[in-house]
Amino acid sequence: MRFTQDSSSATHLIRAYGAGELRVNDDIYRGTVIVSATTVMSVPEVRDMNDLAVFDPSRIRALDPELVLLGTGPRQIFPAASFRAQFLSTGIGFEAMDTGAACRTFNVLVAEQRRVVALLMV
């Protein structure tokens with residue numbers, strides 16, 4: 001799916017997603033990424049939901065989010081309660097959704113200057 005041009009002043013916006021890749025601004029990523037308004041990090045150790053069991057969420061918490069979006073690929077899949085609890089127990093909101101919905105939600109929240117971080121699996 002392609003998005004239209006956005007004149008938002010945010011540093012990082014997700015411009016397109018699908019077919020195993022994401023386009024953040026003009027850069028293409030093939031694989032899981034962490035995206036905030038100011039940071040993009042590849043996360044090659046996370047390929048699917050099972051890999052979240054060993055993922056260190058401090059990489060996300062270090063970005064000081066008020067909300068974390070988890071994009072789970074083409075379908076919405078809920079992670080283990082223990083993964084969600086690592087954010088909720090510290091007062092950080094958490095939402096899981098398919099990656100397309102997470103990309104769209106991320107862009108809206110960044111445009112509103114919210115402190116959102118997305119962990120996106122493609």
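**Entry 1: the aromatic cluster**

I began with the rings. Phe55, Phe83, Phe87 and Phe94 form one aromatic cluster. The model is predicted, and I read every value here as computed from it. My search of the whole structure returned four aromatic pairs. I noted the pair Phe55 and Phe83, which is tilted, with 6.4 Å from centre to centre and 50° between the planes. That pair links distant parts of the chain. Phe55 sits in the loop between strand 5 (40-42) and helix 1 (58-61). Phe83 belongs to helix 2 (residues 81-88), and the two are 28 residues apart.

I then asked whether Phe55 is buried or exposed. Phe55 has 4% relative accessibility, so it counts as buried. I looked up Phe83 as well: its relative accessibility is 3%, so Phe83 is also classed as buried.

Next came Phe83 with Phe87. This pair is edge-to-face, at 5.5 Å centre to centre and 75° between the planes. Why is it called edge-to-face? The planes of Phe83 and Phe87 stand at 75°, and angles over 60 degrees count as edge-to-face. Both residues lie in helix 2, four residues apart, which is about one turn of the helix. Phe83 and Phe87 are both buried.

**Entry 2: the nonpolar cores**

I turned to the cores. The largest nonpolar core has 21 residues. Which residues have the most contacts inside it? I listed Ile14, Leu22, Val35, Leu69, Phe106, Val116 and Leu120. I checked which elements supply at least two residues each. They are strand 1 (14-18), strand 2 (21-24), strand 4 (33-35), strand 6 (67-72), helix 3 (99-111) and strand 8 (116-121). Helix 3 gives the largest share, six residues.

A second core is separate from this one and has 17 residues. Leu52, Ile60, Phe94 and Ala96 are among them. I recognised Phe94 from the aromatic cluster.

I picked Leu69 for a closer look. I left aside its neighbours within four places in sequence. Leu69 is then in contact with Glu95, Met97, Ala102, Thr105, Phe106, Leu109, Val116, Val117, Ala118 and Leu119. Two of these names, Phe106 and Val116, are also on the list of residues with the most contacts inside the largest core.

**Entry 3: salt bridges**

How many salt bridges are there? I counted five. I wrote down three of them.

Glu21 pairs with Arg30, and their closest N and O atoms are 3.1 Å apart. Glu21 is partly exposed, with a relative accessible area of 24%. Arg30 counts as exposed, at 64% relative accessibility.

The side chains of Arg59 and Glu45 meet in a salt bridge at 2.5 Å, N to O. Arg59 lies in helix 1 and Glu45 in the loop between strand 5 and helix 1, so the pair ties together parts that are 14 residues apart in sequence. Arg59 is partly exposed, with a relative accessible area of 27%. Glu45 is partly exposed too, at 35% relative accessibility.

Asp64 forms a salt bridge with Arg115, with the closest N and O atoms 3.5 Å apart. Where do the two partners lie? Asp64 is in the loop between helix 1 and strand 6, and Arg115 is in the loop between helix 3 and strand 8. The pair links distant parts of the chain, 51 residues apart. For Asp64 the relative accessible area is 46%, so the residue is partly exposed. For Arg115 the value is 43%, again partly exposed.

**Entry 4: the sheet and helix 3**

Last, I traced a sheet. Three strands make an open sheet in the order 1-2-3, with antiparallel pairing. Which strands are at the edges? They are strand 1 and strand 3 (27-29), and each pairs on one side only. The twist averages 15° from one strand to the next.

I looked at one pairing in detail. Strand 1 and strand 2 pair in the antiparallel sense over four bridges. Ile14 stands opposite Val24 in strand 2. Ile14 is also one of the residues with the most contacts inside the largest nonpolar core.

I closed with helix 3. Helix 3 lies across strand 1 and strand 2, and runs at about 175° to strand 1. I set this beside the core entry, where helix 3 supplies six residues, and strand 1 and strand 2 supply at least two each.

Technical notes: Residues are numbered from 1 along each chain as its sequence is written. This is a predicted model: local features need pLDDT of at least 70, side-chain atom pairs count only at pLDDT 80 or more; totals for chains, interfaces and linings use all residues. Side-chain values use heavy atoms; hydrogens and water are left out. Rings of Phe, Tyr and Trp (its six-membered ring) pair if their centres lie within 6.5 Å; planes under 30 degrees apart count as stacked, over 60 as edge-to-face and the rest as tilted. Buried means under 20% relative accessible area, exposed over 50%, partly exposed in between (1.4 Å probe, protein chains only). A nonpolar core is a set of buried Ala, Val, Leu, Ile, Met, Phe, Trp, Tyr and Cys residues joined through side-chain atoms within 4.5 Å. Contact means heavy atoms within 4.5 Å. A salt bridge is a side-chain nitrogen of Lys or Arg within 4 Å of a carboxyl oxygen of Asp or Glu. Two strands pair if DSSP finds at least two bridges between them. Axes are lines fitted to C-alpha atoms, for helices over the stretch in contact, and angles run from 0 to 180 degrees between N-to-C directions.
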